[in-house]
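Here is a walk through one protein model, from the overall layout down to a few side chains. Keep the viewer open as you read.

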Amino acid sequence: MTSPSRRDFIKSLSAASLAALTASAPQAWAEEGVQVVSRPKGTADSMILLWMGGAMSQTESFDPKRMQEFKPGMETKSLICTSPQIDTVCDHVKFGKGVDNLAKLMDRASLIR
């Protein structure tokens, strides 16, 4: 794969800038009284977003792998998961131990992996 030329970079940058500038145009037109965008009304009562930056990894929480007990001196390549799997209220959906309360609520939630 060849690196992009300066001309290709400028084209991409100008297209992205134009797209970013025009993205707010429908909202600006709507504020002026011109109805351009119709947005559907939301039906959900609430939404919970778990932003887990710096917290448990996916293999320790919502996508558990084969558990292996950690031993000092073991190679990190062989370590997959250090917490056991627990069942949720949904069939065939497993979580890692530590999110037990969420496992009880999975029949009323969506898990996007």
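## Asp87 and the salt bridges

Asp87 counts as exposed, because its relative accessibility is 54%, and the cut-off for that label is anything over 50%. This is a predicted model, so take every value here as computed from it. The partner of Asp87 is Lys94, and the two form a salt bridge whose closest N and O atoms sit 2.3 Å apart. Lys94 has a relative accessible area of 34%, so it is only partly exposed.

How many salt bridges are there by this rule? The count comes to two. The other pairing brings together the side chains of Asp107 and Arg108, at 3.6 Å from N to O. Asp107 is exposed, with a relative accessible area of 52%, and Arg108 is exposed as well, at 65%.

## The overall layout

Stepping back, the protein has three helices and two strands. Follow the sequence and you get the pattern α-α-β-β-α. Helix H2 covers 25-31 and strand E1 covers 85-87, while strand E2 runs over 94-96 and helix H3 over 100-104.

How much of the protein is buried? Of its 113 residues, 14% are. The exposed area is about 10,000 Å², and 57% of that comes from carbon and sulfur atoms. As for contacts between residues at least 6 apart in sequence, 20% of them join residues at least 24 apart.

## The nonpolar core

Which residues make up the largest nonpolar core? There are six: Phe62, Ile86, Phe95, Val99, Ala103 and Met106. In soluble globular proteins, nonpolar side chains tend to be buried together.

Met106 is a handy place to start looking around this core. Setting aside residues up to four places away in sequence, Met106 touches Thr88, Val89, Cys90, Phe95 and Leu111. Phe95 is itself a member of the core.

## Between the two strands

Now for the loop between E1 and E2, which is where Thr88 sits. Is Thr88 buried or exposed? Thr88 counts as buried, because its relative accessibility is 11%, and buried means under 20%. Its side chain reaches the backbone oxygen of Val93 at 2.8 Å, and a polar atom of that side chain also lies 3.2 Å from the backbone oxygen of Cys90. Beyond its neighbours within four places in sequence, Thr88 is in contact with Val93, Lys94, Phe95, Ala103 and Met106. Two of those names, Ala103 and Met106, also appear in the core, and Lys94 is the salt-bridge partner of Asp87.

His92 lies in the loop between E1 and E2 too. What is the phi of His92? It is near 65°, a positive value in a residue other than glycine. Most residues other than glycine have a negative phi, and most peptide bonds are trans. His92 is also exposed, with a relative accessible area of 82%.

## Lys97 and its contacts

Move on to the loop between strand E2 and helix H3, and you'll find Lys97 there. Which residues does Lys97 touch, not counting those up to four places away in sequence? The answer is Glu60, Ser83, Pro84 and Ile86, and Ile86 is one of the core residues.

Phe62, another core member, is worth checking against Lys97 as well. These two are 35 residues apart along the chain, and their C-alpha atoms are separated by 9.4 Å.

## The loop between H2 and E1

Glu69 lies in the loop between H2 and E1. Glu69 counts as exposed, at 58% relative accessibility. Glu69 and Cys81 are twelve residues apart in sequence, and their C-alpha atoms are 8.0 Å apart in space.

Ile48 is found in the loop between H2 and E1 too. At 75% relative accessibility, Ile48 counts as exposed. Together with Leu50, Leu102 and Leu105, Ile48 makes a nonpolar surface patch of about 380 Å².

Technical notes
Residues numbered from 1 in each chain as written. Predicted model: local features only at pLDDT ≥ 70, side-chain atom pairs only at ≥ 80, totals over all residues. Heavy atoms only, no water. Helix = DSSP H or I, 4+ residues; strand = E, 2+ residues; numbered from the N terminus. Buried < 20%, exposed > 50% of the residue type's maximum accessible area, 1.4 Å probe, protein only. Contact = heavy atoms within 4.5 Å. Areas by Shrake-Rupley, 256 points an atom, 1.4 Å probe, with all protein chains shown as cover. Patch = residues over 30% accessible without salt bridge, like charges linked within 9 Å, V, L, I, M, F, W, Y side chains within 5 Å. Salt bridge = Lys/Arg side-chain N within 4 Å of Asp/Glu carboxyl O. Core = buried A, V, L, I, M, F, W, Y, C linked by side-chain atoms within 4.5 Å. Polar contact = N/O pair within 3.5 Å; in protein donor to acceptor, adjacent residues only side chain to side chain.
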